[in-house]
Amino acid sequence: QVHLVESGGGLVQAGGSLRLSCAASGTINRIDVMGWHRQYPEKSRELLARIGSGGDTNYTDSAKGRFTISLDSAKNTVYLQMNGLKPEDTAVYYCSAEGVDYIGYRPFDTWGQGTQVTVSS
């Protein structure tokens, strides 16, 4: 099994910054893509950014300009640097990973447990 553990969430004032981390572990043969998402109460999960194993990135409009995704492949860890935070960024942030495990070389698509980000005005 592949597990993702997020960290770095918390309470920050508007205009502040946070850096979220997500470490993948387990039966990983390779990770192809990792991503960050967020979810507001009673809303669907929203994609923010994705990064491929080669470092190619994609951002949605919600993340462009203020958020930066990066990847440490050696540590199987993805980061989300969030600057200029606003109260409307308050949500639960989740990371995801897609790849192949080394047990039967099966594909996996895994989510972390989420980390709360709260931005006060």
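**Strand pairing, turns and core of the predicted model**

Glu-42 is exposed, with a relative accessible area of 84% (exposed means over 50% relative accessible area, buried under 20% and partly exposed in between, for a 1.4 Å probe and protein chains only). The model is predicted, so local features need pLDDT of at least 70 and side-chain atom pairs count only at pLDDT 80 or more, while totals for chains, interfaces and linings use all residues. Residues are numbered from 1 along each chain as its sequence is written, and side-chain values use heavy atoms, with hydrogens and water left out.

Glu-42 is placed in the loop between β4 and β5 (strands are DSSP runs of E of at least two residues, and helices are runs of H or I of at least four, numbered from the N terminus). The phi of Glu-42 is near 60°, a positive value in a residue other than glycine. Most residues other than glycine have a negative phi. The two strands flanking this loop, β4 and β5, form a hairpin with 6 residues between them. They run antiparallel and are joined by 6 bridges (two strands pair if DSSP finds at least two bridges between them). Val-33 has Gly-52 in β5 as its bridge partner. Strand β4 also pairs with β9, in the antiparallel sense and over 10 bridges; here His-37 stands opposite Tyr-94 in β9.

A second positive phi is found at Asn-76, with a value near 50° in a residue other than glycine. Asn-76 lies in the loop between β7 and β8 and is partly exposed, with a relative accessible area of 24%. Strands β7 and β8 form a hairpin with 4 residues between them. This antiparallel pair is joined by 6 bridges, and Asp-72 stands opposite Thr-77 in β8.

Strand β8 belongs to an open sheet of 4 strands in the order β1-β3-β8-β7, with antiparallel pairing. The edge strands, each pairing on one side only, are β1 (2-7) and β7 (67-72). From one strand to the next, the twist averages 15° (axes are lines fitted to C-alpha atoms, for helices over the stretch in contact, and angles run from 0 to 180 degrees between N-to-C directions). Within the sheet, β3 (residues 18-26) and β8 (residues 77-82) pair in the antiparallel sense over 6 bridges. Along this pairing, Arg-19 stands opposite Gln-81, and Cys-22 has Val-78 as its bridge partner. Strand β8 is mostly covered, with 5 of its 6 residues buried.

At the edge strand β1, Val-2 is buried, with a relative accessible area of 10%. The C-alpha atoms of Val-2 and Ser-25 are separated by 5.7 Å, although the two residues are 23 residues apart along the chain. Leaving aside neighbours within four places in sequence, Val-2 is in contact with Ser-25, Gly-26, Thr-27, Ile-28, Phe-108 and Thr-110 (contact means heavy atoms within 4.5 Å).

The largest nonpolar core holds 28 residues (a nonpolar core is a set of buried Ala, Val, Leu, Ile, Met, Phe, Trp, Tyr and Cys residues joined through side-chain atoms within 4.5 Å). The members that touch the most other members are Met-34, Trp-36, Phe-67, Val-78, Leu-80, Met-82 and Tyr-93. At least two residues of this core are supplied by each of β1, β3, β4 (28-39), β5 (46-52), β7, β8, β9 (91-101) and β11 (115-120). In soluble globular proteins, nonpolar side chains tend to be buried together. Not counting residues up to four places away in sequence, Met-82 touches Gly-16, Ser-17, Leu-18, Leu-20, Arg-66, Phe-67, Tyr-93 and Val-117.

Two arginine side chains were found with the charged end over a tyrosine ring (a charge sits over a ring if NZ of Lys or CZ of Arg is within 6 Å of the ring centre and within 35 degrees of the ring normal). The charged end of Arg-19 sits over the ring of Tyr-79, 3.9 Å from its centre. For Arg-45 the ring is that of Tyr-94, and the distance to its centre is 3.6 Å. The count of aromatic pairs comes to 0 (rings of Phe, Tyr and Trp, the last by its six-membered ring, pair if their centres lie within 6.5 Å; planes under 30 degrees apart count as stacked, over 60 as edge-to-face and the rest as tilted).
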